[in-house]
Amino acid sequence: MSLAFGVSLLALAVMLGGLAALFRRRSEGAMSAIRTFALVGAASIALLHLLPEALGEIGWLGLLAAATGFLAPAALERLVLGEAGAHRTPTTALAMGYAAVLAHQFGEGAAVASLSRVGQLTLPIVLALAAHTVPLAMVVAIQVLEVRAGANDKRAMSAALAGIALATVTGAFATRLVDAERFEAIEPWVLSAVAGLLLHALSHEAVASGPATSIRRAGEAAGGLLGLVLATVGIDEEEWVQQIPAELRIAALVVLVGLILLRSYGPRRAAERPH
């Protein structure tokens, strides 16, 4: 997949997040399914594709890079918002949270470009990232609409979303500052860090939240299973998978399906309201 097409899909995801914010009362069920798709797809791609390849080249040290990719977004959010971020005034919380989102999208753009340079950028990976971007953009759009309630609220929302898309594009093309030979040397470290970034979604959405309606649960299950299907496309060609007995592969797949259904139909945590 070309870098331009991948970045375009991420930019489209930002726009969809804005539309979902405008029609949020009608789109809650769909957003829940999208979140589950993003969670399962991103985690599966990280664990089944990127991380095994990186560990095969640099060994267990790759876990350090993966841990960095996993912890960096949370550390950035804590640095920008602080422990008392939830108690700040709406305008201040919006501005600081928006800065964190811009940095996050810059990182995702850089991750997409890095994967493109090493020939690892595929449609399932981009779809997983895009599905993660939609609710993120939606939260920003909702906060802007609430803080800037009035005649110019939609214009302010459009400007905020344009900034998010621009941060993504900027991150994608920033990687060109590194020459090809040097980039090839750090390829496995990049793959490990991107895997950690994809796994970061687990820290927020491992347990489902929101109303437990039958339609919502079914949508989450369908989204999760679709994410698993996309992530496992072509996995039989992976060398490490071929070394696993067929019976064990089937058992692992059954376990993954069971975890997806447990998340959709099991106990739920209270939904968090944007501040």
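Residues 24 or more positions apart account for 86% of the contacts in the protein with a separation of 6 or more. The model behind this figure is predicted. The protein contains 12 helices and 0 strands. From the N terminus on, its elements therefore read α-α-α-α-α-α-α-α-α-α-α-α, as helices and strands are assigned from DSSP runs.

Burial and surface were examined next. The protein has 275 residues, and 45% of them count as buried. The exposed area of the protein is about 14200 Å². Carbon and sulfur atoms supply 67% of that area.

The largest nonpolar core has 53 residues. Within this core, L50 and L198 have the most contacts. Six helices each supply at least two core residues: α1 (3–22), α2 (24–58), α4 (90–117), α5 (123–147), α6 (153–174) and α8 (187–199). The largest share comes from α5, with 13 residues. L198 touches A42, I45, A46, L50 and L129, with residues up to four places away in sequence left out of the count. The two core residues with the most contacts, L50 and L198, thus also touch each other.

I125 lies in helix α5. The relative accessible area of I125 is 4%. The cut-off for burial is under 20%, so I125 is buried. I125 touches I45, L50, L115 and Q120, again not counting residues up to four places away in sequence. I45 and L50 are also among the residues that L198 touches. I125 also illustrates a long sequence separation. I125 and A231 are 106 residues apart in sequence. Their C-alpha atoms are 7.7 Å apart in space.

The pairing of α1 with α6 was then considered. These helices pack at an angle of about 160°. Their axes are 10 Å apart. Angles over 145 degrees count as roughly antiparallel, and α1 and α6 are therefore roughly antiparallel to each other. The crossing of α1 past α6 is right-handed. On the α1 side, the contact involves L3, V7, L10, A11, V14, G18 and L22. On the α6 side, these residues meet K154, M157, L161, I164, A165, T168, V169 and A172. Both α1 and α6 also supply at least two residues each to the largest nonpolar core.

Terms used: Residues numbered from 1 in each chain as written. Predicted model: local features only at pLDDT ≥ 70, side-chain atom pairs only at ≥ 80, totals over all residues. Heavy atoms only, no water. Core = buried A, V, L, I, M, F, W, Y, C linked by side-chain atoms within 4.5 Å. Buried < 20%, exposed > 50% of the residue type's maximum accessible area, 1.4 Å probe, protein only. Helix = DSSP H or I, 4+ residues; strand = E, 2+ residues; numbered from the N terminus. Contact = heavy atoms within 4.5 Å. Areas by Shrake-Rupley, 256 points an atom, 1.4 Å probe, with all protein chains shown as cover. Axes fitted to C-alpha atoms, helices over the stretch in contact; angles between N-to-C directions. Parallel < 35°, antiparallel > 145°, perpendicular 65-115°, else oblique. Left-handed = near helix turned anticlockwise from the far one by under 90°.
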